[in-house]
Amino acid sequence: MFLFWLQFFILLLCIFIGARLGGVGLGVMGGVGLAILTFVFQLQPTSAPIDVMLMILAVITAAGCLQAAGGLDYLVYLAEKALRKYPKRITYAAPMVTYLFTFCAGTGHVAYSVLPVIAEVSRETGIRPERPMSIAVIASQQAIVASPISAATVALLALLSGFDISLLDILKVSIPATFIGCMLGAFVASKVGKELNEDPVYLKRLKEGLEPSQKEEKTVYVPTKAAKVSVTLFLTAALLVVLLGSFESLRPVWNVEGELVRMDMPTAIEIVMLTAAAAIILTCRPKVETVISGNVFQAGATAVVAIFGIAWMGDTFFNGNLELVQDSIEGLVKAAPWLFAIALFILSILLNSQAATVRALMPLGIALGISPALLIAMFPAVNGYFFIPNYGPIVAAINFDRTGTTRIGKYVLNHSFMLPGLVATISAVVIGMLLITFMF
């Protein structure tokens, strides 16, 4: 037990130092923590998060091409027009978009394609980006348990199939519970922090010349044909990702040693986004060298490095201590079955995966005699991995926000995603428990 807490302390210390260094510092400190865990404590390293990194790289390449072609400026222009009367609407619109994308695609990583747009729209319209960015990431997590094609939902359905529980039984609780929970989280997020023009971190960045001033006079923007085409191509690619996630029959199938194997979503996202990047370059003819020099690509590349170190370190730590963690949670649940939601939340923090949490702990809930309806109500509790800020979209959101308002706090756990994440998750579970009282 002492070694567990010592290793956990090292993990938090590396995140703390990396957050203070900023940029790629978060990733390299993750490498330091991984080195200590493997060489000093002899933990076997897990596989590096290659798919996550490649997805981000493919998406930011397409987003970089979009920016180079003037498409991002065009999106900001459209958003400014739409938000002129109600500028705070993006705090509610952003989570709706990421929720819908994840719901259709079955993976929260599709949020990568819209995070740069949310960050730029917020900054350009004078809204504190932390507000929509934080709840947008949380919504992309919450929608996993509402998506009919996510690994977590499929896993739960398989476990509950013996109780005459259908997919519709799960969705009729998880969809309204998580969506309303996200909107409550958006309300809380809209009140977080000072206004952008009063934030000390942002003002310091302005003073140092790291940010363009909002007060500078802007010229009249006239969108080019290339900008419009690039937006069309980029949004078409995003829609195609959603369709491929919604209708798996659209993805190719191969016969591998007598077994049919369908293309997985990470591969589909990578192929579609790289193709979109090529289409933008060939059609809109931006200067290719400006793709990697743009702030969108640079922010995304920083996120790749950060995820490489931090996520790898976290996965190695939790995998190496999985048996101890599971034994501890099992004792907690046996002592008080109503605490099962807390157990799900804690294990999801450690496993960093909703599906893995469902597969690891839901059988215990069934063995303890917890009713299937109550298990469905507590399903959103598996969304706890925002708690430690090493999840891919969280790290990406921090780096995409050029104003510095979306950040990891001084004490690591007081980060931008904590409050909206807790509100959304707790609300979803409570609402789920209310819904099952008259749905079952």
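**View 1. Ser174, a buried residue in helix α9 of this predicted model.** Let us begin with Ser174, whose relative accessibility is 1%, so this serine counts as buried. The model shown here and in the other views is a predicted one. Ser174 belongs to helix α9, which covers residues 167-189. Leaving aside its neighbours within four places in sequence, Ser174 is in contact with Tyr99, Val145 and Ala146.

**View 2. Ser122 and Ile118, two residues of helix α6.** Here is another serine to look at: Ser122 sits in helix α6. Its relative accessibility is 0%, and Ser122 therefore counts as buried. Not counting residues up to four places away in sequence, Ser122 touches Ile90, Ile127, Pro129 and Pro132. Helix α6 is also the place of Ile118. With a relative accessible area of 7%, which is under the 20% cut-off, Ile118 is buried. The residues that Ile118 touches are Ile90, Ala94, Thr98, Pro132, Met133 and Ala136, again not counting those up to four places away in sequence. As you compare the two lists, look for Ile90 and Pro132 beside Ser122 and also beside Ile118. You can also trace from Ile118 to Ser416: they are 298 residues apart in sequence, and their C-alpha atoms are 15 Å apart in space.

**View 3. Helix α19, a mostly covered helix.** Helix α19 runs over residues 392-400, and nine of its nine residues are buried. If you would like to find them one by one, they are Gly392, Pro393, Ile394, Val395, Ala396, Ala397, Ile398, Asn399 and Phe400. What do these buried residues pack against? Their partners are α2 (25-40), α3 (50-68), α6 (115-124), α7 (130-142) and α14. Helix α6 will be familiar from the previous view, where it holds Ser122 and Ile118.

**View 4. Helices α1 and α14 packed together.** Two packed helices are described by the angle between their axes and the distance between the axes. For α1 (residues 2-21) and α14 (residues 295-320), the angle is about 170° and the axes are 11 Å apart. The two helices are therefore roughly antiparallel to each other. On the α1 side, the contact is made by Phe4, Gln7, Phe8, Leu11, Cys14 and Ile15. On the α14 side, the residues to look for are Ile310, Met313, Gly314 and Phe317. Helix α14 is also one of the helices that the buried residues of α19 pack against.

**View 5. A nonpolar patch on the surface.** Leu239, Leu240, Leu243, Phe247 and Leu250 make a nonpolar surface patch of about 460 Å². A good residue to start from is Leu243, found in helix α11, which spans residues 225-246. Leu243 has 33% relative accessibility, so it counts as partly exposed.

**View 6. Gln42 and Arg285, each with a positive phi.** What is the phi of Gln42? It is about 65°, a positive value, although Gln42 is not a glycine. Gln42 lies in the loop between α2 and α3, and at 62% relative accessibility it counts as exposed. Arg285 is not a glycine either, yet its phi is positive at about 55°. You will find Arg285 in the loop between α12 (265-284) and α13 (289-293). Arg285 has a relative accessible area of 62%, so this arginine is exposed.

Definitions and conventions: Residues are numbered from 1 along each chain as its sequence is written. This is a predicted model: local features need pLDDT of at least 70, side-chain atom pairs count only at pLDDT 80 or more; totals for chains, interfaces and linings use all residues. Side-chain values use heavy atoms; hydrogens and water are left out. Patches are made of residues with over 30% relative accessible area and no salt bridge: like charges are joined within 9 Å, nonpolar side chains (Val, Leu, Ile, Met, Phe, Trp, Tyr) within 5 Å. Accessible areas come from the Shrake-Rupley method with a 1.4 Å probe; for residues, only the protein chains shown count as cover. A salt bridge is a side-chain nitrogen of Lys or Arg within 4 Å of a carboxyl oxygen of Asp or Glu. Helices (H or I, at least four residues) and strands (E, at least two) are DSSP runs, numbered from the N terminus. Buried means under 20% relative accessible area, exposed over 50%, partly exposed in between (1.4 Å probe, protein chains only). Axes are lines fitted to C-alpha atoms, for helices over the stretch in contact, and angles run from 0 to 180 degrees between N-to-C directions. Angles under 35 degrees count as roughly parallel, over 145 as roughly antiparallel, 65 to 115 as roughly perpendicular and the rest as oblique. Contact means heavy atoms within 4.5 Å.
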